[in-house]
Amino acid sequence: MGATTIGALIGAGIDSLSGDDGNADGAIIGAITANVLKIVVPLAVTYAIGWAVLRGAAELKDQVFGESEA
């Protein structure tokens, strides 16, 4: 099953708990959320890894060449 289908099933399940209307709007919101997360999560992880590498490179430079006076 794709992430969109799982998101739709989870959204419909959560929406059905309220009991005030049908499950379709919850399924749509869940599917949209799943698709957005498929884009946002990898970008956030890539950014975090890049930041950590740059931070580590700066620390390594400071250890090798000494602290810079800026």
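Here is a walk through this structure, from its overall outline down to single residues.

Keep in mind that you're looking at a predicted model. Start with the big picture: the protein is built with two helices and zero strands. Its radius of gyration is 22 Å, while the globule rule gives 11 Å for 70 residues, so the protein is more spread out than a compact globule. You can get a feel for that from the box that its C-alpha atoms fill, roughly 65 × 25 × 15 Å along the principal axes. Now, how much of the protein is buried? Of its 70 residues, 14% count as buried. The accessible surface adds up to about 5,500 Å², and 71% of that belongs to carbon and sulfur atoms.

Let's go to helix α1, which covers residues 3–18 and includes A8. What does A8 touch, once you leave out residues up to four places away in sequence? The answer is A27, G30 and A31. Helix α2 runs over residues 24–65, so A27, G30 and A31 fall within the range of that helix by the way helices are numbered along the chain. There's also a C-alpha distance to look at here: A8 and I32 are 24 residues apart along the chain, and 8.1 Å separates their C-alpha atoms.

Stay in helix α1 a moment longer, because D15 lies there too and, being under 20% relative accessible area, counts as buried. Does D15 have a charged partner close by, or is the nearest one far off? D15 has no salt bridge, and the nearest side chain of opposite charge, K38, is 21 Å away. What D15 does touch, again skipping residues up to four places away in sequence, is D21, G22, N23, D25 and G26.

Now move over to helix α2, residues 24–65, where you'll find I28. Is I28 buried or exposed? With a relative accessible area of 53%, I28 is exposed, because anything over 50% gets that label. I28 also belongs to a nonpolar surface patch of about 570 Å², which it makes together with I32, V36, I39, V40 and L43. You've met I32 already, as the residue whose C-alpha atom is 8.1 Å from that of A8.

Further along helix α2 comes V41, which is partly exposed at a relative accessible area of 43%. Try tracing from V41 to L60: they are 19 residues apart along the chain, and their C-alpha atoms are separated by 28 Å. A52 has its place in helix α2 as well, and at 41% relative accessibility it counts as partly exposed. From A52 to V64 you go twelve residues in sequence and 18 Å in space, C-alpha to C-alpha.

One last stop: how many salt bridges does the structure hold? There is one, and it pairs K61 with D62, with the closest N and O atoms 3.5 Å apart. That pair qualifies because the cut-off for a salt bridge is 4 Å. K61 itself is partly exposed, with a relative accessible area of 40%.

How values were computed
Residues numbered from 1 in each chain as written. Predicted model: local features only at pLDDT ≥ 70, side-chain atom pairs only at ≥ 80, totals over all residues. Heavy atoms only, no water. Helix = DSSP H or I, 4+ residues; strand = E, 2+ residues; numbered from the N terminus. Rg over C-alpha atoms; globule rule 2.2 N^0.38 Å. Buried < 20%, exposed > 50% of the residue type's maximum accessible area, 1.4 Å probe, protein only. Areas by Shrake-Rupley, 256 points an atom, 1.4 Å probe, with all protein chains shown as cover. Contact = heavy atoms within 4.5 Å. Patch = residues over 30% accessible without salt bridge, like charges linked within 9 Å, V, L, I, M, F, W, Y side chains within 5 Å. Lys, Arg positive; Asp, Glu negative; His and termini not counted.
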